[in-house]
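The following exercises concern a single protein model. Please examine the sequence and the coordinates before reading the solutions.

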Amino acid sequence: MSAHRRRRALTRALAAPLAVGGAVLLVRPEQVARAVSGGGREPSAWVVRVLGGRVLVQQAAVLLHPSRGLVLAGVAADALHAASMVPTALAWTAYRRPAWVSGAVAAGAAIAAALAAPRPED
């Protein structure tokens, strides 16, 4: 298998569980909100659904077409989401834990996708 094919397979292997996670956020928002809130205030189901929809669409696109440009666009979206969770956690202390969890997951996804992204020479 060529390096190009291995890199695309790795990209898809990362996108698949992230897409499943997005689907879970989309169809089970109350349960996810409860789990990440740790007994604290839970974010609204619609907020969780919007995030889930974004993640699902992003990762489904990567699964279908794991190009460098598309993967890096997803990295940017995840990095922006992670960065936005810092002021969110600081401004809305009632939602601090869900914001940190969401930001940490987005940051991890961004880092992993950036490392797995197809190379320009691929």
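Three exercises with worked solutions follow, on a model that is predicted.

**Exercise 1. The largest pocket**

Task: State the volume of the largest pocket, identify the residues closest to its centre, and determine which element gives the largest share of its lining.

Solution.
Step 1. The volume of the largest pocket is about 730 Å³.
Step 2. Its lining comprises 34 residues, and those closest to the centre are Leu25, Leu51, His81, Pro98 and Ser102.
Step 3. Two or more lining residues are given by each of the elements α1 (3-27), α2 (29-37), α3, α4 and α5 (96-116).
Step 4. Helix α3 supplies the largest share of the lining, namely nine residues.
Step 5. One of the central residues, His81, belongs to helix α4, which spans residues 68-91. Leaving aside residues up to four places away in sequence, His81 touches Leu51, Arg54, Ser102 and Ala106.

**Exercise 2. Salt bridges and their environment**

Task: How many salt bridges does the structure hold, and which parts of the sequence does the pair Arg54 and Asp78 tie together?

Solution.
Step 1. There are two salt bridges in the structure.
Step 2. One joins Arg34 to Glu42, with 4.0 Å between the closest N and O atoms. Arg34 has a relative accessible area of 48% and is partly exposed; Glu42, at 37%, is partly exposed as well.
Step 3. Another joins the side chains of Arg54 and Asp78, at 2.8 Å from N to O. Because Arg54 lies in helix α3 and Asp78 in helix α4, this pair ties together parts that are 24 residues apart in sequence.
Step 4. Arg54 is partly exposed at 27% relative accessibility, whereas Asp78 is buried at 5%.

**Exercise 3. Buried or exposed?**

Task: Classify His81 and Trp46 as buried or exposed, and name the residues of the nonpolar surface patch that contains Trp46.

Solution.
Step 1. The cut-offs needed are under 20% relative accessible area for buried and over 50% for exposed.
Step 2. His81 has a relative accessibility of 15% and therefore counts as buried.
Step 3. Trp46 reaches 58% relative accessibility, so this residue counts as exposed. Its place is in helix α3, residues 45-64.
Step 4. Together with Val47 and Val50, Trp46 forms a nonpolar patch on the surface, and the accessible area of these residues together is about 320 Å².

Technical notes: Residues numbered from 1 in each chain as written. Predicted model: local features only at pLDDT ≥ 70, side-chain atom pairs only at ≥ 80, totals over all residues. Heavy atoms only, no water. Helix = DSSP H or I, 4+ residues; strand = E, 2+ residues; numbered from the N terminus. Buried < 20%, exposed > 50% of the residue type's maximum accessible area, 1.4 Å probe, protein only. Contact = heavy atoms within 4.5 Å. Patch = residues over 30% accessible without salt bridge, like charges linked within 9 Å, V, L, I, M, F, W, Y side chains within 5 Å. Areas by Shrake-Rupley, 256 points an atom, 1.4 Å probe, with all protein chains shown as cover. 1 Å grid on protein atoms, 1.4 Å probe; cavity = no way out; pocket = protein on both sides within 12 Å on 5 of 7 lines; lining within 4 Å. Points joined across faces, edges and corners; volume = space filled by probe spheres on them.
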